[in-house]
Amino acid sequence: VMLRNALQHAIDQQQFELHYQPQVHDATGRIIGFEALIRWHHPERGYILPAEFIGLAEDTGQIIPISEWVLRTACHDNVRLNALGFGEYVMAVNVSPMQFHRANFVPGILETLEKTGLAAPLLELELTENILMESTTKAIDILQTLRRLGISIALDDFGTGFSSLSYLKYLPIDKIKIDRSFIREVISDHRDAAIVQGIISMASQLQLKVLAEGVETQAHYAYLSKKMCDLYQGFYFARPMPINDLITFLHENQ
Ligand code: G
Ligand code: G
Ligand code: MN
Ligand code: NA
């Protein structure tokens, strides 16, 4: 009850922030977009990570107003970057299960794009396998609608869920994000190496883009690049950062 009340206070007082982490393209080494990651900037406790409150927000339904704020803010900031002359980046936003299954999910996204002025191809939605497991035909419908509008879909935390691979056959998606638990020891653990190699070649043959998460070192990057991974995200390139730090970062890295 206390955390629930504190969370309501955070919603009312707008204590949330988005931190943006760059995603890098292999062939060019250029930043192609960002993932928006929520943080709760608590007046006494400092930054609280999503692992500590997203689950509860999902249980109480508070995830709905939080998700609306996230989407609006991420789209708005992406438009702002473009207005500052940085060119076009794709903004990736995490979608929660309750948000995805609400009747007005797609109309809500369209309304946000319209209100913020962000072009649909500059928005990507990150969904986990677990979101897509239930009600598969309905999920396919929603994904098809989104993609027809030009929005792209990434499968997040790939390899950590409980679903079968058969849904990869049916789901209209654009990208697979290899969970960082497989990347951490990919160079020294032959089992991680086999899994990562398998995911990359499967993605390639399914004509899906593949992104490695949790790329922390030059050695990770060199190894994955040799394995023909398309995209990277991780501390080696940049940590998630507030919009003003991101603007400075982009000025220094163009
Ligand atoms: O930033 P951090 O590594 O702590 O994020 C952990 C996880 O929290 C992410 O992998 C993501 O699944 C989830 N998360 C981060 N931001 C958001 C958000 O805005 N909405 C939802 N639903 N989940 C988020
Ligand atoms: O959406 P997802 O659950 O994948 O969120 C990614 C999370 O991973 C973010 O919370 C981010 O802070 C974290 N992260 C990003 N890059 C790295 C990295 O290189 N190493 C580790 N350990 N965590 C990372
Ligand atoms: Mn994610
Ligand atoms: Na992930």
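How do the residues of the shell around ligand 2 divide into nonpolar, polar and charged? In this predicted model, four are nonpolar, five polar and six charged. Among the 15 residues around ligand 2, those that come nearest are G214, E216, G234, F235 and P240. Ligand 1 has surroundings of another make-up: its shell holds eight nonpolar residues, two polar ones and no charged ones. Lining this ligand are L37, I38, L49, P50, A51, I54, V70, N94, S96 and P240. Readers following along in the structure may notice a familiar name here, since P240 is listed around ligand 1 and also among the nearest residues to ligand 2.

A word on confidence is helpful at this point. The average pLDDT of the protein is 95, and 99% of the residues reach at least 70. For the model, ipTM is 0.96 and pTM is 0.96.

Attention now turns to the interior. In soluble globular proteins, nonpolar side chains tend to be buried together. The largest nonpolar core here contains 62 residues, and the members that touch the most others are A36, M91, V93, I178 and Y232. I178 makes a good example to trace by eye: leaving aside residues up to four places away in sequence, I178 touches F158, G159, I183, V196, I199, V210, L211, A212 and E213.

Helix 11, spanning residues 218–226, shows two contrasting sides. H220, Y221 and L224 are its buried residues. They lie on the same side of helix 11 because they cover an arc of only 95° around the axis. The other side carries Q218, A222 and K226, which are exposed. What do the buried residues of helix 11 pack against? Their partners are helix 9 (180–183), strand 8 (209–212) and strand 9 (231–232).

Two backbone angles complete the picture. Most residues other than glycine have a negative phi. Just after helix 11, however, M228 takes a positive phi of about 70°. M228 sits in the loop between helix 11 and strand 9. Because it has 13 C-beta neighbours inside 10 Å, M228 counts as partly exposed. Q14 is another such case, with a positive phi of about 55° although it is not a glycine. The loop that holds Q14 runs between helix 1 (2–13) and strand 1 (16–25). Is Q14 buried or exposed? With 10 C-beta neighbours inside 10 Å, Q14 counts as exposed, as a residue does with 12 or fewer.

Methods: Residues are numbered from 1 along each chain as its sequence is written. Chains are lettered from A and ligands numbered from 1 in the order in which they are written. This is a predicted model: local features need pLDDT of at least 70, side-chain atom pairs count only at pLDDT 80 or more; totals for chains, interfaces and linings use all residues. A residue is near a molecule or strand if its C-beta atom, placed from the backbone, lies within 6 Å of it. Ala, Val, Leu, Ile, Met, Phe, Trp, Tyr, Cys and Pro count as nonpolar, Asp, Glu, Lys and Arg as charged, and the others, Gly among them, as polar. A nonpolar core is a set of buried Ala, Val, Leu, Ile, Met, Phe, Trp, Tyr and Cys residues joined through C-beta atoms within 7 Å. A residue is buried if 20 or more other C-beta atoms lie within 10 Å of its own, exposed if 12 or fewer, and partly exposed in between; C-beta atoms are placed from the backbone. Two residues are in contact if their C-beta atoms, placed from the backbone, lie within 7 Å. pLDDT is the predictor's confidence in each residue, from 0 to 100. Helices (H or I, at least four residues) and strands (E, at least two) are DSSP runs, numbered from the N terminus. The arc is that of the directions from the helix axis to the C-beta atoms.
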